[in-house]
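Trainee: Please pick one part of this model and take me through it closely. I'd like to follow it residue by residue, and then see what surrounds it.

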Amino acid sequence: MMINADPQELAKFGNLAHRWWDTESEFKPLHRINPLRLDWICGLSPLAGKQVLDVGCGGGILSDSMARRGAQVLGIDLASKALKVAKLHAMEAGTEGVEYREIAVEALAAERPASFDVVTCMEMLEHVPDPASVLRACAELVKPGGWVFLSTLNRNLKSFLFAIVGAEYLLKMLPAGTHEYARFLRPSELAQFCRDADLDLQCSRGLSYNPLTQRYSLGADTDVNYLLACRRPL
């Protein structure tokens, strides 16, 4: 089976792996948005006692925080260095209920179908060659009635200006080259991938950044960053 991953993308995040838990590093935006996305997930599906899968977990920022909300979390990724950092952080921080594994989501779907109450796939779909394949695997992995939470970047002029020109080149919030505009997904495209995977779309939220206050917020504006919540039918 072809691995649905871009070697250049894996290398890019692997080379930054040692900085993943530095809250002032290139990963500062992830640390800043994590409480927002965590509360949004918990508001729709409280995590305590749940079996949770975090697809494209990277260094474990979301995985770790979901485990601290009482979930049993499995974080998966194909970036070996990032996973080592995630495991090391869990050991150092004494986080219980989280484990990490280097495996493609499609392979895990074949191995453990309908095993998870919640599946998250955040800030990852814009980095893979075939996002629809990831969605199908997520739909197979979640239990009937379970939730799938997604976040990615919209594809339009505003998102190009904000997420690439602004964030990578002007504000230097992210390393230049972090994102490739052609891989951004319009909400309508992602929603279609969800429907094709037999997931029912429940709600969406936009994630906005105010450069003056340097604050992130969730709201109705999905022009740049957005989140989708879906459920697998019973």
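**The hairpin and its surroundings**

Mentor: Start with the parts list: the chain has eight helices and eight strands. Both kinds are DSSP runs numbered from the N terminus, with helices being H or I over at least four residues and strands being E over at least two. Keep in mind that this is a predicted model, where local features need pLDDT of at least 70 and side-chain atom pairs count only at pLDDT 80 or more, while totals for chains, interfaces and linings use all residues. Residues are numbered from 1 along each chain as its sequence is written, and side-chain values use heavy atoms, leaving out hydrogens and water.

The part I'd pick is the hairpin of β6 and β7. Strand β6 covers residues 200-210, strand β7 covers residues 215-219, and the two run antiparallel with five bridges between them. For the record, two strands pair if DSSP finds at least two bridges between them. You can find your way along this pairing with two matched positions: Leu207 faces Leu218 in β7, and Tyr209 faces Tyr216 in β7.

Now look at the turn. Four residues sit between the strands of this hairpin, and Gln214 has a positive phi there, near 55 degrees. That's worth a glance, as Gln214 is not a glycine. Its relative accessible area is 40%, so Gln214 counts as partly exposed. The scale runs like this: buried is under 20% relative accessible area, exposed is over 50%, and partly exposed is in between (1.4 Å probe, protein chains only).

Go from the turn into β7 and you reach Tyr216. With a relative accessible area of 19%, Tyr216 counts as buried. Leaving aside residues up to four places away in sequence, Tyr216 touches Leu207, Ser208 and Tyr209, and also Pro29, Arg32, Ile33, Leu36 and Met173. A contact here means heavy atoms within 4.5 Å. The Arg32 partner comes from far off in sequence: Tyr216 and Arg32 are 184 residues apart along the chain, yet 7.3 Å apart in space, C-alpha to C-alpha.

Strand β6 has another partner too. Seven bridges join β6 to β8 (residues 225-231), again antiparallel. One pair to locate there is Leu201, whose bridge partner in β8 is Cys230.

For a contrast in direction, go to β1 and β2, which run parallel and are joined by five bridges. Val55 stands opposite Ile76 in β2. Strand β2 (residues 72-77) is largely enclosed by the rest of the structure, because five of its six residues are buried.

Gln214 isn't alone in its backbone angle. Glu123, also not a glycine, has a positive phi of about 50 degrees. Glu123 sits in the loop that runs from β4 (116-122) to α6 (131-141), and it is partly exposed, with a relative accessible area of 22%.

Follow that loop into α6 and you'll find a mostly covered helix, with nine of its 11 residues buried. Among them are Pro131, Val134, Leu135, Cys138 and Leu141. The cover over those buried residues includes β1 (51-55), α5 (105-111), β4, β5 (142-153) and α8 (187-196).

Leu141 also leads you to Ala114, which lies in the loop between α5 and β4. The two are 27 residues apart along the chain, but their C-alpha atoms are separated by 4.6 Å. Not counting residues up to four places away in sequence, Ala114 touches Glu140, Leu141, Val142, Lys143, Pro144 and Arg232. Even so, Ala114 is partly exposed, at 35% relative accessible area.

Now zoom out to the whole chain. Buried residues make up 52% of the 234. Of the contacts between residues at least 6 apart in sequence, 72% join residues at least 24 apart. The radius of gyration is 16 Å, which agrees with the value near 17 Å that a compact globule of 234 residues would have. That radius is taken over C-alpha atoms, and the globule rule is 2.2 Å times the number of residues to the power 0.38. The C-alpha trace spans about 45 × 40 × 35 Å along its principal axes.
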